[in-house]
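Colleague: Before I plan anything at the bench, could we go through this structure together, one question at a time?

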Amino acid sequence: MKTKSKTIYKRPTQKSKFVNLLTTVDHKKIGIMYLYTGFTFFLVGGLEALLIRLHLAQAESTLLSAAEYNSLFTVHGFTMVFLFFMAVNSGFGNYLIPIMIGARDVAFPRMNALSYWIYFFGALFIHSTLFIGTTAPPVGGYLSEESNLFSNAVAGGWFLYQPNAGIQFSPGTATDIGVIGIIFLGVASLISAINLTVTTFNFRAKGLTFMKLPVYVWMTQVVSFLLIFSLPFITIALFTVVFDRQFGGNFYNVAMGGDPILWQHLFWLFGHPEVYILILPVFGIMSEIIPVFSRKPIFGYATLVFAGFAIGFIGFGVWAHHMFSSSIQPLAQAGFGAATMIIAIPTGIKIFNWIATMWFGKRNLNVAMLFSIAFLINFVIGGVSGVLHAVVPSVWQQTDTYFVIGHFHYVLVGGGLFGIFAGIYYWFPHVFGKKLNETIGKVHFWILFLGLHLTFLPQHWLGLQGMVRRTWWYDEGMNIEFWNLISSIGAVTILLGVLVFIFNWIFSKRKGEAAEFDPWDGRTLEWSTPLPPPEYNFYDIPKVKTRDDFWHRKYAVDEENRSVSKGKHDEIKKYTLATTLMDNSHIHLPSNSLFPFITGFGLPFLGWSLIFRGTFMSFVLLSIGILSLLVGIFGWILEPEHE
Amino acid sequence: MSSVDTIQEHEATGVSNQKMAMWLFLSSEVVFFAVLISTYLFYKGKFSQGNLSPEELFDIPFTSVSSFILLMSSLTMVLSHNFYEIKNYEKSRIWIFATAFLGILFISGQIYEYTEFIQSGLTISSSIFGTAFYFVTGFHGLHVVIGVILLLTTGSQIGPNKNNRKYGLSIESLALYWHCVDIVWIVIFTVVYLIP
């Protein structure tokens with residue numbers, strides 16, 4: 001290449017495992033890195049939750065101080081929403097989307113690596129609040145004197161209501177670290193959303209028109225749009241807080257004419273689409289698993305897709321149901337209440353689609369399917385308690401109580417987490433070429449299922465009895481000890497289930513049943529590759545004729561609309577496995593690059609230098625940050641296109 | 001079989017990847033600025049509470065001139081893009097640097113304006129008007145600064161003997177960004193300066 005001779009940079013070609021980890025631009029590897037990082041944070045967030053539940057197991061508990069408790073639930077929220085859930089969804093999306101649409105990589109491979117590294121360093125940055133964060137007790141402070149890891153971390157709750165999380169009531173650097181960290185994660189999500197959108201739109205294989213896309217691709221596409229249009233709200237909101245806290249702004253300073261309601265509007269204009277950002281990819285996962293294990297095509301494909309879009313649209317119009325107890329107008333309350341009821345309709349359509357897909361299907365009740373069915377049950381319970389929030393007077397009763405906690409944990413744990421586990425059991429053979437053990441998997445499922453209901457069902461009752469959320473202390477004799485204890489036992493049960501899962505993961509990766517090709521008799525393109533897929537995914541870029549193209553290569557349809565095998569399984573398998581041995585030197589994949597890593601590395605230093613500004617340390621941090629950004633960006637621009 | 005298979009066989013929609021990505025990014029930017037301006041409007045009714053009102057401070061003729069300069073930079077950007085398309089890289093480079101120069105002029109005007117205002121006593125913390133004003137115009141200024149850096153670095157790679165952006169950020173995408181930042185200023189100028 002002409003550019004090659006002119007440049008002093010070379011693209012990294014070493015194949016050592018560590019260098020490859022830092023420089024990879026392969027969408028599958030980045031997807032797996034997201035999954036591993038996300039799950040690490042799932043364990044961190046889970047332990048935080050466990051501490052909270054252990055503390056609440058008995059009345060008048062002194063296991064944690066109030067400061068530690070406040071920090072724990074705040075960091076738990078940040079970790080689970082931003083560091084676990086969004087990362088795991090990104091991981092699935094990165095891994096699956098190119099391979100589901102018959103592409104060899106995403107549209108911008110280096111951008112993809114950049115969004116991972118920004119997420120990674122942003123996550124570390126947020127957790128630095130535990131180690132270098134400071135808080136000062138408020139005047140007349142009741143906080144415990146002794147300090148440990150958690151007592152000085154960010155403590156404003158995951159939605160950081162103002163002015164409570166403002167400089168006056170939350171002094172110190174802890175809150176700043178949390179706020180700026182979320183700005184970084186927003187940047188990572190935006191890059192990733194744009195990248196996946198362009199990939200979906202432009203990298204579809206020949207013949208794969210929009211209405212033939214797998215439902216999972218559609219759902220992540222809706223999520224990408226939601227991210228593109230909702231992240232600006234949280235970015236502005238967080239910047240207003242940075243302005244107030246760092247530069248003495250008056251956005252939420254009531255004495256100077258500031259109005260804290262602005263924060264609530266901005267936050268929930270992001271925060272409500274955010275819950276769909278978390279759950280829609282899981283809807284997609286369900287729509288992939290249920291047809292495969294019912295051996296039927298998905299029921300009502302178009303309604304499923306358009307219901308996803310409807311949820312995305314209406315999701316922007318219901319944010320104020322989080323704010324019914326604030327000072328918004330009665331007319332607005334009625335409107336947002338109605339919208340909240342309406343958004344239950346497309347969700348209901350989806351539920352019926354999945355049930356109808358299973359109806360009369362040849363169901364295979366393996367672990368992935370068990371998790372999917374449990375998803376349906378849990379999600380309906382969470383949905384029913386959710387649609388109650390459309391009733392304004394009922395919200396006045398429920399808001400800020402454990403009822404709300406019970407509701408959204410049913411949706412996010414019972415729905416989201418179960419769906420993610422279903423996806424892991426389903427796609428594990430694709431990633432590692434081995435199946436997860438079914439027997440251990442069933443133990444995992446039943447323990448988790450029991451744990452979920454033990455933990456979160458009693459919280460509805462506690463909430464209706466008036467137990468407020470984020471409460472560090474409750475007196476004895478209030479008749480809420482029993483269900484709190486049950487809830488805490490449930491939390492320990494969930495821990496047991498997760499431990500069984502980790503054991504299963506390690507065990508099956510070593511000694512699991514091998515899966516060479518198409519273990520589930522799959523429908524979508526990703527199962528047409530050898531397992532685990534080669535770096536280039538497809539030896540021949542597939543040409544698509546129908547929806548569920550891979551299925552129709554294997555099966556024909558008879559007069560009664562039943563699938564009849566064409567007897568081609570072995571032929572397809574033989575050819576596919578043979579391609580792994582063929583010469584693939586004509587397939588050019590994007591070269592590795594170190595610069596996304598360097599660019600991402602610089603961001604936390606910029607954050608710290610802003611927070612600790614005015615000191616010599618801050619100057620050093622700023623220099624490191626700017627240097628690595630400059631090296632990262634200019635190296636990125638100037639490096640040659642190929643190695 | 002073709003000699004080289006890259007990761008992409010064809011562009012399914014017919015729009016280039018980078019252009020589509022830039023449009024998506026700009027759609028996010030538009031929401032960003034919409035929220036930014038909404039934040040300003042949210043507080044607009046309360047500005048009288050501060051000691052300095054907008055009417056006392058603004059020098060409309062001065063800001064009009066700097067707005068005109070920024071809008072003219074869109075014209076030079078179009079010229080640059082045009083010459084680039086017809087492969088006249090020499091002139092394309094001249095006009096891209098002219099665009100960057102006009103951008104720098106605009107930023108200088110903003111810095112001058114900020115200094116004046118701060119001397120009159122309007123700071124971020126002095127009143128809600130100060131907070132909102134610096135928030136909105138500051139974020140726009142930041143976008144202009146990033147745009148100028150992009151213009152200068154891109155311009156430095158264009159010319160008769162350069163590689164002329166065979167890959168990386170294309171002139172067209174850069175132009176889209178620059179026009180977007182310009183158009184947003186029309187709204188900000190109207191909302192912040194002109195509407196009483």
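Colleague: How many residues does the contact take from chain B, and how many from chain A?
Modeller: Please keep in mind that this is a predicted model. Counting residues in contact across the two chains, chain B contributes 36 residues, and the number taken from chain A is 41 residues.

Colleague: Which helix gives the most to the side of chain B that touches chain A?
Modeller: On that side of chain B, α1 (17-44) and α5 (128-155) each supply at least two residues. By class, the side has 17 nonpolar, 15 polar and four charged residues. With 13 residues, the helix that gives the most is α1(B).

Colleague: Turning to chain A, which helix provides the largest share of the side of domain 1 that touches domain 2?
Modeller: Chain A is divided into domain 1 (1-25 + 595-643), domain 2 (30-213) and domain 3 (520-590). Between the first two of these, 13 residues of domain 1 are in contact with 18 residues of domain 2. On the domain 1 side, the largest share is ten residues, and they come from helix α20 (residues 595-611) of chain A.

Colleague: How many charged residues does the side of domain 1 of chain A that touches domain 2 have?
Modeller: Sorted by class, this side of domain 1 of chain A has nine nonpolar and four polar residues. The number of charged residues there is none.

Colleague: Which helix gives the largest share of the largest nonpolar core?
Modeller: The largest nonpolar core has 220 residues, and those with the most contacts inside it are A237(A), I289(A), F371(A), A422(A) and Y425(A). Leaving aside neighbours within four places in sequence, I289(A) is in contact with A368(A), M369(A), S372(A), A422(A) and Y426(A). The largest share of the core, 21 residues, comes from helix α4 (residues 66-100) of chain A.

Colleague: How many residues are in the second, separate core?
Modeller: This second core includes Y402(A), F403(A), I405(A) and I480(A). Its number of residues is seven.

Colleague: Why does chain A count as compact, and what is its radius of gyration?
Modeller: Chain A has 21 helices and two strands. For 643 residues the globule rule gives 26 Å, and the radius of gyration of chain A is close to that, so chain A is as compact as a globular protein of that length, at 25 Å.

Colleague: What percentage of the contacts in chain A with a separation of 6 or more comes from residues 24 or more positions apart?
Modeller: As background, 54% of the 643 residues of chain A count as buried. Among contacts with a separation of 6 or more, residues 24 or more positions apart account for 83%.

Conventions
Residues numbered from 1 in each chain as written. Chains lettered and ligands numbered in written order. Predicted model: local features only at pLDDT ≥ 70, side-chain atom pairs only at ≥ 80, totals over all residues. Domains from an automatic or database assignment. Contact = placed C-beta atoms within 7 Å. Helix = DSSP H or I, 4+ residues; strand = E, 2+ residues; numbered from the N terminus. Nonpolar A, V, L, I, M, F, W, Y, C, P; charged D, E, K, R; others polar. Core = buried A, V, L, I, M, F, W, Y, C linked by C-beta atoms within 7 Å. Buried ≥ 20, exposed ≤ 12 C-beta atoms within 10 Å, placed from the backbone. Rg over C-alpha atoms; globule rule 2.2 N^0.38 Å.
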